[in-house]
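Subject: Structure for your review

Dear colleague,

Please find the structure below, together with its sequence. A short account of what was found in it follows.

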Amino acid sequence: DSSRDFPWTKNLELNNKRVFGNHSFRPNQREIINATMSGCDVFVLMPTGGGKSLTYQLPALICAGITLVISPLVSLIQDQIMNLLQANIHAASLSAGMDWTQQLDILRELSSENSKYRLLYVTPEKVAKSDSLLRHLESLNSHSLLARFVIDEAHCVSQWGHDFRPDYQGLGILKKKFPKIPMLALTATATASVKEDVVQALGLVNTVVFRQSFNRPNLWYSVVPKTNKCLEDIDQFIKKNHFDECGIIYCLSKMDCEKVTETLRKFGHKAAFYHGSMDPGKRAFVQKKWSKDEINIICATVAFGMGINKPDVRFVIHHSLPKSIEGYYQECGRAGRDGQRSSCVLYYCYSDYIRVKHMISQGGPGQSTMTTGYNRIASSGRTLESNTDNLLRMVSYCENEVDCRRFLQLVHLGEIFDSTNCKNTCDNCSSSKTLIEKDVTLIGRQLVELVKLTGERFSSAHIVELYRGSLNQTVKKHGHETLHLHGAGKHLSKSEASRILHYLVTKDILTEYVKKSDLYGSVSSLLKVNRSKAASILSGGQTIEMRFPSAVKVVKPSKHGP
Ligand code: ADP
Ligand code: ZN
């Protein structure tokens with residue numbers, strides 16, 4: 001309750017203004033601070049740029065004792081410490097790169113009575129692998145000098161997230177050893193399954209959860225057909241809309257990064273490339289030049305990601321298809337942290353789907369290509385199948401010419417977004433294309449029946465394949481070609497069929513559930529029927545209408561396939 005006064009309320013407001021120079025609090029900041037300062041375990045889901053750092057830095061300043069912050073990247077830590085120093089707040093860090101005596105000095109200084117340090121930043125492997133740190137924490141705790149644990153980028157704990165790091169799983173030890181010390185877990189990645197996983201792995205108790213809309217109103221989304229003049233198109237787009245401004249172009253491979261860079265330079269842009277095979281020194285150099293605006297454009301693989309907190313990134317362009325909607329959302333999220341209007345443009349062609357699919361089947365580079373100094377992210381533990389499903393979702397996102405892009409992204413993150421709030425800031429909402437309402441009740445009914453008939457244990461990608469009459473391996477393996485509805489949707493394009501299927505999910509007629517399919521925790525997302533909601537469709541009591549571009553013919557399906 002934000003209207004209630006806590007003993008620290010005055011102090012909080014004073015320091016927010018004086019030390020951090022903020023006039024007010026952003027949504028949820030005050031409530032999060034009050035919860036963690038009351039001693040609760042807190043889980044925060046807040047989009048990038050929402051202001052997560054303040055929610056622990058401000059308490060660190062006004063509470064007695066040290067705040068221990070676990071953060072995945074040395075570069076992130078250095079950034080934070082520099083910012084804090086500018087506000088005259090002292091913070092130390094321990095990382096694998098430092099020599100031993102240096103680390104001991106810091107630990108000793110922390111335990112000294114008049115230590116100047118308010119926060120200690122460490123990388124997760126320090127907690128998992130360094131007994132010495134734990135011993136020092138125990139000693140601090142015995143003098144009541146351990147204020148709070150903060151887990152930044154907490155989704156890294158979860159194998160279901162897109163950034164799993166094995167070292168994060170060792171963090172469960174903190175709550176085991178120090179059950180009374182409050183923990184604050186922060187992330188900008190928000191699927192429900194990830195949240196559950198994180199709460200469990202960290203051992204949070206009676207957790208207070210803060211979650212706010214993940215919509216980023218200042219980002220403008222569009223999908224553009226990718227032709228062989230793609231680089232000319234990108235050049236024109238930048239010159240016309242973001243001349244001399246700063247942006248990222250995400251590319252599929254190292255070779256693409258270098259090629260795109262070279263071409264853009266020829267067109268007169270200040271561009272550089274960034275990918276996982278460059279040595280760390282070179283990468284840091286490029287990132288620094290970009291941060292200081294000496295380079296405008298970085299052409300990068302997804303290795304360029306976490307830890308970028310440049311506030312004025314004005315555009316994020318995808319030169320090729322992202323691997324999942326979740327990943328796409330995160331990558332776009334690097335634009336416009338300062339709240340100013342920024343563009344997210346995705347260049348899409350179907351042949352990129354084949355390329356990405358091939359890369360996935362080769363086992364890489366998936367979401368996990370980032371080498372981070374010394375800490376290589378392990379494979380995310382997802383099955384090939386669920387990776388392919390994620391990719392297919394991305395394809396149907398791109399091929400969807402009707403629904404609001406925000407709606408499509410946010411539904412995927414478990415949030416229902418009212419697309420009238422988009423206010424024409426995505427290509428589909430602002431399109432002048434004529435749309436026609438069509439009755440898709442019969443198609444909807446057949447899709448629901450197929451989910452039922454196949455025992456409610458298949459993914460949406462499989463149901464679409466099956467409905468359109470595919471004879472792929474999975475169809476044959478389960479004998480699904482013998483079902484009477486096999487091929488009943490042959491007249492539909494893949495994107496139409498999957499759009500209708502996903503519409504049923506957004507209407508709660510079908511429900512997606514996550515299934516851990518083996519010991520290694522690989523997961524897949526499967527469909528089941530929500531009986532009560534589906535009843536009126538199956539009985540014919542309810543019709544389903546959807547809008548389609550007028551050129552698309554959604555004709556009546558035949559009962560017996562082609
Ligand atoms: P996140 O970690 O959630 O991505 P940050 O903590 O880096 O976000 O904050 C993003 C930006 O917003 C920073 O430049 C920060 O100084 C600014 N900011 C945070 N809280 C406030 C506030 N209450 N008022 C004004 N600016 C703020
Ligand atoms: Zn929209």
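Two strands are said to pair if DSSP finds at least two bridges between them. Strands β5 (residues 146-151) and β6 (residues 183-187) are joined by three bridges and run parallel. One residue of this pairing may serve as an example: Phe149 has Met183, in β6, as its bridge partner. In general, the strands of a sheet pair through backbone hydrogen bonds, in either a parallel or an antiparallel manner.

Please bear in mind that this is a predicted model.

Two helices should be considered along with these strands. Helix α3 (residues 54-62) packs on the sheet, where it touches β1 (42-45), β2 (66-70), β4 (117-122), β5 and β6. The direction of helix α3 makes about 170° with that of β5. Helix α4 (residues 74-86) also packs on the sheet, touching β3 and β4, and its direction makes about 165° with that of β3.

How are the strands of this sheet ordered? The sheet is open and has seven strands in the order β3-β4-β2-β5-β6-β1-β7, with parallel pairing. At its edges lie β3 (90-94) and β7 (208-211), each of which pairs on one side only. On average, neighbouring strands of the sheet are turned by 20° against each other, direction ignored.

As for the chain as a whole, it contains 23 helices and 19 strands. Of its 562 residues, 46% are buried. Among contacts between residues at least 6 apart in sequence, 77% join residues at least 24 apart.

Yours sincerely,
A colleague

How values were computed. Residues are numbered from 1 along each chain as its sequence is written. Chains are lettered from A and ligands numbered from 1 in the order in which they are written. This is a predicted model: local features need pLDDT of at least 70, side-chain atom pairs count only at pLDDT 80 or more; totals for chains, interfaces and linings use all residues. Helices (H or I, at least four residues) and strands (E, at least two) are DSSP runs, numbered from the N terminus. A residue is buried if 20 or more other C-beta atoms lie within 10 Å of its own, exposed if 12 or fewer, and partly exposed in between; C-beta atoms are placed from the backbone. Two residues are in contact if their C-beta atoms, placed from the backbone, lie within 7 Å. Axes are lines fitted to C-alpha atoms, for helices over the stretch in contact, and angles run from 0 to 180 degrees between N-to-C directions.
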